[in-house]
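Please look over the structure shown here before reading on. The text then goes through strand pairing, charged contacts, aromatic rings and a few backbone details.

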Amino acid sequence: SDYEFRLEYENQFEGEDHRLTADLDLDFSREREQSDLEETIQEGTTDPLFQRTDNQEEERDMRFQADYIRPVGDNGRFEAGVRSSVEWMDNSFAVEELQNGTWQPLEEAFNDNFLYYENVNAAYAIWGSDHEKYSYQAGLRAEHTNIRTELKRTGQENDRSYVDLFPSLFFTYKFNDMQSLQVSYSRR
């Protein structure tokens, strides 16, 4: 099963291209996969192997984004925005083998419950200007990321939290209508 919801908002301010937009996305999904495995022996007297797997996954995702654009003067443009995303996943998996007429869990490494959580929050700002012969744009995006993983049976946990900065700079010089030169820098 998979359910998706989306909410969108837009406000046009006075003046051309002056606006605020925002959207919220929610996604909920759940799936289950089961498999039966049977080994067939062509020669010899070895007993065939019977195994079964069960994998259940539940996932929830949320994303919010808001962007503001404002023309400044005749040639300038300012943009700013925020974005936040959260992803949560619960995945339980098991492998069993038929031994002496009863299903027994296979090695512990094949039977666990994996939990994953990720949250990324970002903000950006961009300033740009167009002139007759040249244009430029400079921007900066900052991201804060939190990730947590856990294997429930083994108790293994991993937490990561970090901040990244992503600057960008573009400069274009227009020789004529057919030729221009652009120099740019961005970190991704």
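What follows is a walk through this structure, element by element and contact by contact.

The coordinates are those of a predicted model. Strand pairing is a convenient place to begin. Strand β2 covers residues 19-38, and 20 bridges join β2 to strand β3, residues 50-72, with the two running antiparallel. To place the register of this pairing, take L37, which stands opposite Q51 in β3. On to the next strand: β3 also pairs in the antiparallel sense with strand β4, residues 76-99, over 22 bridges. Here N55 has F93 in β4 as its bridge partner. β3 and β4 form a hairpin with 3 residues between them. In that turn, G73 has a positive phi of about 65°. In a regular strand, side chains alternate between the two faces of the sheet.

Two residues that are not glycines also have a positive phi. D17 has a positive phi of about 60° although it is not a glycine. D17 lies in the loop between β1 and β2, and its relative accessibility of 36% makes it partly exposed. N100 has a positive phi of about 55°, again without being a glycine. The place of N100 is in the loop between β4 and β5, the latter being residues 102-105. With a relative accessible area of 84%, N100 is exposed.

Charged side chains come next. Side chains of opposite charge can pair when their charged atoms come close. How many salt bridges does a search of the whole structure find? The search finds 18 salt bridges. One of them joins the side chains of E8 and R6, at 2.6 Å from N to O. E8 is exposed at 58% relative accessibility, whereas R6 is partly exposed, with a relative accessible area of 47%. R6 also forms a salt bridge with D23, the closest N and O atoms being 3.9 Å apart. This pair links distant parts of the chain, with D23 in strand β2 and R6 in strand β1, 17 residues apart. Is D23 buried or exposed? At 13% relative accessibility, D23 counts as buried, because the limit for that class is under 20%.

A salt bridge between E58 and R30 has its closest N and O atoms 3.4 Å apart. E58 in strand β3 and R30 in strand β2 are 28 residues apart, and this pair too links distant parts of the chain. Salt bridges that share partners join R6, E8, D23, D25 and R63 into one network. The contacts of R6 with E8 and with D23 were described above.

The aromatic rings give another set of contacts. A search of the whole structure finds 4 aromatic pairs. One of these is F5 with F28: the ring centres are 6.3 Å apart and the planes stand at 65°, so the pair is edge-to-face. Why does this pair tie together parts that are 23 residues apart in sequence? F5 lies in strand β1, residues 2-12, and F28 in strand β2, so the contact connects one strand with the other. F5 counts as partly exposed at 48% relative accessibility, and F28 counts as partly exposed at 33%.

Y173 and F175 form another pair, with ring centres 5.1 Å apart and planes at 75°, so this pair is edge-to-face as well. Y173 is partly exposed, with a relative accessible area of 34%, and F175 is partly exposed at 45%. A ring can also face a charge: the charged end of R141 sits over the ring of F166, 4.5 Å from its centre.

The residues Y173 and F175 reappear in a nonpolar surface patch. Which residues make this patch of about 870 Å²? V72, F78, W127, Y134, Y136, F171, Y173, F175, L181 and V183 make the patch. The elements that give two or more residues to the patch are β7 (134-151), β8 (156-174) and β9 (180-186). L181 lies in strand β9. With a relative accessible area of 47%, L181 is partly exposed.

How values were computed:
Residues numbered from 1 in each chain as written. Predicted model: local features only at pLDDT ≥ 70, side-chain atom pairs only at ≥ 80, totals over all residues. Heavy atoms only, no water. Phe/Tyr/Trp six-rings, centres within 6.5 Å; stacked < 30°, edge-to-face > 60°. Helix = DSSP H or I, 4+ residues; strand = E, 2+ residues; numbered from the N terminus. Buried < 20%, exposed > 50% of the residue type's maximum accessible area, 1.4 Å probe, protein only. Lys NZ or Arg CZ within 6 Å of the ring centre and 35° of its normal. Patch = residues over 30% accessible without salt bridge, like charges linked within 9 Å, V, L, I, M, F, W, Y side chains within 5 Å. Areas by Shrake-Rupley, 256 points an atom, 1.4 Å probe, with all protein chains shown as cover. Salt bridge = Lys/Arg side-chain N within 4 Å of Asp/Glu carboxyl O. Pairing = 2+ DSSP bridges.
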